[in-house]
Amino acid sequence: MQQSVPAAVTGSSLPPPGQDDTGDDTGPRIRSAPDLRRIRRIGPFLPWLTLLLAAALWIYSLGHIGFRDMGDYGLLDRLPPTYYLSLLILTGGFLITLRRAGTAPWWPLTHCVALLFALKAPPALLYDSVRYPWASKHDSVVSQMLTNGELRPNAALSGNMSAYDQWPGFFSLNAALVRAFGVESTAAYLNWAPIVLGLLMMPVLILMYQTFTEDWRLVWTALWIFQLANWVGQDYLAPQGFAYLLHLAVLAVVLRHFVRPGSAGRLRDRSYLDPASAVVPPPTGAGQRAVCVVILAPLIAAINAAHQLTPVMLCASLFALSLTRRYRNYGLLVVAGVLMLIWDLTMGRALFIETLSTLRDSIGQLTQNSRAGYAGQLTGPGPELAGRANVLMVLAVAALAGVAVVVRRRLTRSALPLLLVSAAPLPLFAVNDYGGEMLFRVYLFGLPGAAFFAAAALIPAAGGARRTKAHIVRRRIAAVALPLALTALVAGFLPSYYGKEAMYYTPPAETAMVTRAIDRAPRGALILATTGSFPQALHRYDRVEHWFFAEQELPENEKMLKDPAGYLDAGIPPGTTAYVILTRTQDIYSAGEGLLPPGGFATLRSRLSASPLFRVVEERPYGIVLEYRPRGGTR
């Protein structure tokens with residue numbers, strides 16, 4: 001007699017007799033033999049068909065994306081309908097592959113890779129300039145490192161650029177890559193960083209998720225949700241993305257190979273676990289853990305050499321794990337803390353001391369520390385939509401994760417370490433605002449665990465022999481909730497990631513104008529701009545000074561706009577050669593981030609151009625360069 005086995009366990013693309021396609025006993029649903037044979041013939045080809053159809057629509061869409069004339073909504077109204085349709089078909093194909101998630105894992109993996117490309121590859125393939133204007137400063141750091149051949153951690157470099165010489169690990173790696181590839185600069189591959197980092201993160205996340213579940217549907221869905229919820233924009237070519245990858249790698253190894261002997265208790269008893277839970281990994285002795293610490297130490301050192309905040313996040317995560325019997329390994333925590341302090345007190349001493357001096361004002365200021373950006377008030381249709389989408393995405397992922405924590409308590413018990421790692425960054429809200437970015441960084445570091453539990457809320461446990469009415473109801477709800485939730489997350493990702501895209505793309509001609517202006521400036525000259533968020537803003541940062549005069553609260557800028565020429569004249573040191581560079585990208589950024597009131601940038605440009613204190617050096621539709629000419633020729 002054939003037994004009824006859940007499709008998720010057998011990996012079959014068809015349900016066993018007497019069950020519906022969710023694997024639940026719902027009474028007899030007898031299909032005719034020809035129907036079953038027809039479904040069996042078509043079933044294996046459905047993933048191919050959905051993948052090929054989605055790819056064809058996506059490739060067709062690339063030629064119809066109007067990125068050069070973006071308006072108020074960034075790329076959202078410049079993406080053709082076929083692009084959106086390709087994402088829906090890809091999502092449908094992924095749902096189909098979950099039927100064989102364990103026996104044919106290459107299908108959901110292929111769809112996850114395809115999703116990464118579909119979401120983040122268009123700028124890399126289409127843009128003729130660097131995406132994210134501020135990413136160009138990282139290219140400048142690498143270029144200066146190759147040109148000068150030295151680090152100057154104690155030099156007072158303009159634009160707060162000293163920190164990059166104090167944490168040079170990421171830039172040293174890229175300098176080596178530039179030499180190895182034989183390219184002129186990192187700009188040759190900079191826009192591909194989100195794809196490369198995304199691909200490298202996949203095996204790390206899979207290893208992490210496999211530690212806590214044997215249900216491959218849950219693993220792949222968590223990976224899918226992680227990609228959709230990773231809209232923060234920290235995966236560009238920057239120290240944060242690189243250090244984040246290493247951070248996840250360290251945690252994956254710890255969760256897998258640092259289990260203390262005798263700490264599992266009932267978590268090795270299958271009857272006590274959630275059907276999706278994995279048993280606790282085999283314990284390791286003190287000697288084995290010591291060897292693992294030695295192996296991980298270089299990775300932790302690389303994190304410290306690359307980024308300021310990630311070592312703090314790693315120590316917070318390791319401390320949270322030490323609160324459990326399973327991972328109470330103080331040795332690794334001490335090593336991570338000592339390495340962090342050694343770096344902070346040597347190479348990073350200047351910035352470390354400066355940061356400590358500001359803690360008196362920031363500690364306990366939860367509202368201030370959790371604000372986003374300088375002004376904290378997005379303006380304009382696209383930025384406002386992106387801001388609302390950001391909030392909704394955070395709430396959606398948090399709500400789904402919360403449901404799983406409450407409803408699937410046995411899974412929560414076994415995966416408690418992953419939950420603690422996700423919550424570990426939260427106390428940092430009480431410490432510092434990290435330049436207006438702490439909100440995004442806390443979300444980013446909590447995302448792997450949040451994605452896992454969000455997936456657990458949507459993927460019902462694989463059934464066993466006992467099936468209750470409540471169990472069947474939950475599975476039927478999940479059958480509807482899963483596609484709806486994934487579709488909603490796609491809809492939330494797009495405005496979160498592309499809603500402010502007009503700030504992120506800069507025409508090459510504008511970049512060339514900025515480069516010419518800074519190249520003409522003599523050593524020691526002062527470059528003025530509303531904000532540093534425009535390409536080449538920190539070009540030759542080791543030879544010129546910078547003043548981004550609108551990076552302050554909106555009321556201060558409203559006062560500045562009453563007499564911008566007088567305001568700048570009062571702030572420029574006597575005897576300094578100074579140039580003001582105002583560009584289209586600055587206009588969009590300062591308006592979208594709420595730095596200037598509506599029409600404020602146009603007012604600034606017109607009043608400075610008309611002032612006798614400034615002479616027009618170059619004027620184009622996309623920007624203007626002004627030279628400061630003080631009264632009487634000197635001050």
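This passage describes selected features of a predicted model, from one long helix to salt bridges, a charged patch and two loop residues.

The structure is a predicted model, in which local features need pLDDT of at least 70 and side-chain atom pairs count only at pLDDT 80 or more, while totals for chains, interfaces and linings use all residues. Residues are numbered from 1 along each chain as its sequence is written, and side-chain values use heavy atoms, with hydrogens and water left out.

A good place to start is helix H17, which covers residues 381-407. Helices here are DSSP runs of H or I with at least four residues, strands are runs of E with at least two, and both are numbered from the N terminus. The expected span of a helix is 1.5 Å times one less than its number of residues, so the 27 residues of H17 should span 39 Å. The end C-alpha atoms of H17 are 38 Å apart, which agrees with that expectation. Burial can be followed along H17 as well, where buried means under 20% relative accessible area, exposed means over 50%, and partly exposed lies in between (1.4 Å probe, protein chains only). The buried residues of H17 include Gly-382, Pro-383, Ala-386, Asn-390, Met-393, Val-397 and Leu-400.

Attention now turns to charged pairs. Side chains of opposite charge can pair when their charged atoms come close. A salt bridge is counted when a side-chain nitrogen of Lys or Arg lies within 4 Å of a carboxyl oxygen of Asp or Glu, and the count by this rule comes to 15. One of these joins Asp-128 to Arg-68, with the closest N and O atoms 3.1 Å apart. Asp-128 sits in the loop between helix H5 (106-126) and H6, whereas Arg-68 sits in the loop between helix H3 (46-62) and helix H4 (81-97), so the pair ties together parts that are 60 residues apart in sequence. Asp-128 is partly exposed at 36% relative accessibility, and Arg-68 is exposed at 59%.

Asp-69 forms a salt bridge with Arg-78, and here the closest N and O atoms are 3.4 Å apart. Both partners are partly exposed, Asp-69 with a relative accessible area of 48% and Arg-78 with 23%. In the salt bridge between Arg-217 and Asp-215, the closest N and O atoms are 2.6 Å apart. Arg-217 is buried at 8%, and Asp-215 is buried at 9%. Elsewhere, Arg-516, Arg-520, Glu-618 and Arg-620 are linked in a network of salt bridges.

Distant parts of the chain also meet at Ser-143, a residue of helix H6 (residues 136-148). The C-alpha atoms of Ser-143 and Ala-175 are separated by 7.6 Å, although these residues are 32 apart along the chain. Ser-143 counts as partly exposed, at 28% relative accessibility.

Two loop residues deserve a look for their backbone angles. Gln-536 has a positive phi of about 65 degrees although it is not a glycine, and Arg-540, also not a glycine, has a positive phi of about 55 degrees. Gln-536 is found in the loop between strand S1 (526-529) and strand S2 (545-548), and Arg-540 is found in the loop between S1 and S2 too. Gln-536 is buried, with a relative accessible area of 14%, and Arg-540 is buried with a value of 14%.
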